[in-house]
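Biologist: I'd like to learn how to read a fold from the inside out. Can you walk me through one?

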Amino acid sequence: MGERRVAVITGAATGIGRATALELGRAGYALALCDVDAAGLEQAAAGASAELVQVVDVSRVEHLERFSEACRERFERVDVLVNNAGILRLGGWQDLSEADWRQLFEVNLLGVNLATRAFLPLLVAGRGHVVNLGSGASLLPFPGYAAYGPVKVGVLWLSEYLRTELAPMGVKVSCICPLLVRTQMGDAGQAGVMRQPEWLFHPPERIARLVRRTIGSRRFLVYGTPLLHALHLLYRWSPGLMRLVLSSATRSQQRPRAAS
């Protein structure tokens, strides 16, 4: 591969993953992309001119081992692993099933662990960088994220432990926490979920640019926006006030919707 840097992106078919593939492709990276959505992955790969593409379920070790072996044969090293693959299950704590919790854990948290483990030898060879996608829901109690938020807290703290343990191997680790990112189904695409105010959202392309700027840096916790940083500081200073603000903002968005 010469001097061309290699990036592996999980969950690359849509959203932040797809935007990151396009961003890093424009920056000259050789791309290896994976997702469970074969059709979406094919489109993303074509748009980003990816060199390696595989359908992968990140909660399954055998899928990741097959993918990492293909990357080893093709590239011999990995400069950056973007652990982006994830699913969203919205609703109040009482509305979410055991199956919802298990799937969130297996994809959003266990998948980060398994992917990092599978690619660690290639990351060490490239003195690479692991970039994990966290969430503003791991920093603030957004209504409707009662299961997603705690699992993303796990991603944040797993990133912290990985940072300590992988540093002696020459591998950097960062965790990027966006506010809330607009999905194709929107923020109210599941039953029982209160509509979130527009100011909480920003497009995937913004996070993709942040991923590119984070690669190679020593930054660990990377806020998606200065607003999230300010809200997080305010929450630490006055959690009761912030819970009131977030709940009030959510209710104000729900009232017009209920009347429509």
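Modeller: Sure, and keep in mind that this is a predicted model. Let's start with a pair of strands: strand S4 (residues 80–83) and S5 run in the parallel sense, paired over four bridges. Within that pairing, Leu81 stands opposite Val130 in S5.

Biologist: How does the chain get from S4 to S5, and what is the handedness of the crossover?

Modeller: The path goes through helix H4 (residues 98–125), and this β-α-β crossover is right-handed.

Biologist: Which strand pairs with S5 besides that one?

Modeller: Strand S6 (residues 172–177) does, again in the parallel sense, over five bridges. Here Val131 of S5 is the residue opposite Ser174 in S6. To get from S5 to S6 the chain passes through helix H5 (residues 148–166), in a β-α-β crossover that is right-handed.

Biologist: Is S5 enclosed or open to solvent?

Modeller: Five of the five residues of S5 (residues 129–133) are buried, so the strand is largely enclosed by the rest of the structure.

Biologist: And how should I read the side chains along a strand?

Modeller: The general idea is that in a regular strand they alternate between the two faces of the sheet. In S5, His129, Val131 and Leu133 point one way, while Val130 and Asn132 point the other way, and all are buried.

Biologist: What does the wider picture look like?

Modeller: The protein has eight helices and nine strands. Of its 260 residues, 52% count as buried. Take the contacts between residues at least 6 apart in sequence: 68% of them join residues at least 24 apart.

Biologist: Give me one residue to make that concrete. Where is Tyr29, and is it buried or exposed?

Modeller: Tyr29 sits in the loop between helix H1 (15–26) and strand S2 (30–35). With a relative accessible area of 3%, Tyr29 is buried, because the cut-off for that label is under 20%. Leaving aside residues up to four places away in sequence, Tyr29 touches Arg4, Arg5, Val6, Ala7, Leu24, Val80 and Ile215. Take Val80: it is 51 residues from Tyr29 in sequence, but the C-alpha to C-alpha distance is 9.7 Å.

Biologist: Now the charges. How many salt bridges are there?

Modeller: A search of the whole structure finds 10. Arg4, Glu51 and Arg74 are linked in a network of them. The side chains of Glu51 and Arg4 meet at 2.3 Å, N to O. Glu51 lies in the loop between helix H2 (38–48) and strand S3 (52–55) and Arg4 in the segment before strand S1 (6–9), so this pair ties together parts that are 47 residues apart in sequence.

Biologist: What about the other link, from Arg74 to Glu51?

Modeller: There the closest N and O atoms are 3.5 Å apart. Arg74 belongs to helix H3 (residues 61–75) and Glu51 to the loop between H2 and S3, so parts 23 residues apart in sequence are tied together. Glu51 is partly exposed at 24% relative accessible area, as is Arg4 at 34%, and Arg74 counts as partly exposed at 42%.

Biologist: How does the Arg72–Glu69 salt bridge compare in sequence separation?

Modeller: Arg72 and Glu69 are three residues apart in helix H3, so about one helical turn separates them. Their closest N and O atoms are 2.5 Å apart.

Biologist: Last one: which residues make the nonpolar surface patch?

Modeller: Trp237, Leu241, Leu244 and Val245 make it, covering about 440 Å². Helix H8 (residues 239–259) gives the largest share, three residues. Leu241 is found in that helix and is partly exposed, with a relative accessible area of 37%.

Definitions and conventions: Residues are numbered from 1 along each chain as its sequence is written. This is a predicted model: local features need pLDDT of at least 70, side-chain atom pairs count only at pLDDT 80 or more; totals for chains, interfaces and linings use all residues. Side-chain values use heavy atoms; hydrogens and water are left out. Patches are made of residues with over 30% relative accessible area and no salt bridge: like charges are joined within 9 Å, nonpolar side chains (Val, Leu, Ile, Met, Phe, Trp, Tyr) within 5 Å. Accessible areas come from the Shrake-Rupley method with a 1.4 Å probe; for residues, only the protein chains shown count as cover. A salt bridge is a side-chain nitrogen of Lys or Arg within 4 Å of a carboxyl oxygen of Asp or Glu. Helices (H or I, at least four residues) and strands (E, at least two) are DSSP runs, numbered from the N terminus. Buried means under 20% relative accessible area, exposed over 50%, partly exposed in between (1.4 Å probe, protein chains only). Contact means heavy atoms within 4.5 Å. Two strands pair if DSSP finds at least two bridges between them. A crossover is right-handed if, with the strands pointing away from the viewer, the path from the first strand over the helix to the second runs clockwise.
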